[in-house]
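Reader: Please take a close look at the aromatic ring pairs in this model, and place them in the fold as a whole. Give the cut-offs as you go.

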Amino acid sequence: MAGEPSFEWDPIKERANRAKHGVPFSLAQRAFFDPGRVIAEDLSHSTAEQRYFCFGRVGEGIMTVRFTWRDGRIRIFGAGYWRKGKTIYEQQNR
């Protein structure tokens, strides 16, 4: 990524994500700094704005981060260590 990306999130969603998946968004943003990261469009959650997945290595695992671009910033709204994301990451990084 060119330059340092800027991140934001809703603190209420972040608390809910931490409770459900054990992942704070401050940790999830590290997935974007993995040189092998994979970005994919989220076609199953169609809304007024385009949504995406970032699959990237964070620590010993592959994290999936759900996000959108808003006002030039990466807005995170979900993250976790999910098998499907790990599979996509591994397929793209063979």
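Author: What follows goes from the overall fold to the ring pairs and then to two single residues.

The model is predicted: local features need pLDDT of at least 70, side-chain atom pairs count only at pLDDT 80 or more, and totals for chains, interfaces and linings use all residues. Residues are numbered from 1 along each chain as its sequence is written, and side-chain values use heavy atoms, with hydrogens and water left out.

The protein has three helices and five strands, in the order β-α-α-β-β-β-β-α from the N terminus. These are DSSP runs numbered from the N terminus, with helices (H or I) of at least four residues and strands (E) of at least two. The radius of gyration, taken over C-alpha atoms, is compared with a globule rule of 2.2 Å times the number of residues to the power 0.38. For 94 residues a compact globule would come near 12 Å, and the protein has 12 Å, which agrees. The C-alpha trace spans about 35 × 30 × 30 Å along its principal axes.

Of the 94 residues, 39% count as buried; buried means under 20% relative accessible area, exposed over 50%, and partly exposed in between, with a 1.4 Å probe and protein chains only. Contact means heavy atoms within 4.5 Å. Among contacts with a separation of 6 or more, 45% are between residues 24 or more positions apart.

Now the rings. Rings of Phe, Tyr and Trp (its six-membered ring) pair if their centres lie within 6.5 Å; planes under 30 degrees apart count as stacked, over 60 as edge-to-face and the rest as tilted. By this rule there are seven aromatic pairs. One of them joins F7 and F33, a tilted pair with 6.1 Å centre to centre and 55° between the planes. F7 lies in strand β1 (residues 7–9) and F33 in the loop between α2 (25–28) and β2 (38–41), so this pair ties together parts that are 26 residues apart in sequence. F7 counts as buried because its relative accessibility is 12%, whereas F33, with a relative accessible area of 43%, is partly exposed. The ring centres of F32 and F67 are 5.0 Å apart and the planes stand at 80°, so that pair is edge-to-face. F32 lies in the loop between α2 and β2, and F67 in strand β4 (residues 61–70), so the pair ties together parts that are 35 residues apart in sequence. Both F32 and F67 are buried. Ring pairs link F7, F32, F33, Y52, F67 and W69 into a cluster.

F7 has further neighbours. Not counting residues up to four places away in sequence, F7 touches Q29, F32, F33, R73, I74 and I76. The C-alpha atoms of F7 and R70 are separated by 9.6 Å, although the two residues are 63 residues apart along the chain.

Two other residues complete the view. D71 lies in the loop between β4 and β5 (73–80) and counts as exposed because its relative accessibility is 77%. Most residues other than glycine have a negative phi. Phi of D71 is near 55°, a positive value in a residue other than glycine. N17 lies in helix α1 (residues 11–21) and counts as buried at 7% relative accessibility. Leaving out residues up to four places away in sequence, N17 touches G22, V23, F25, G78 and A79.
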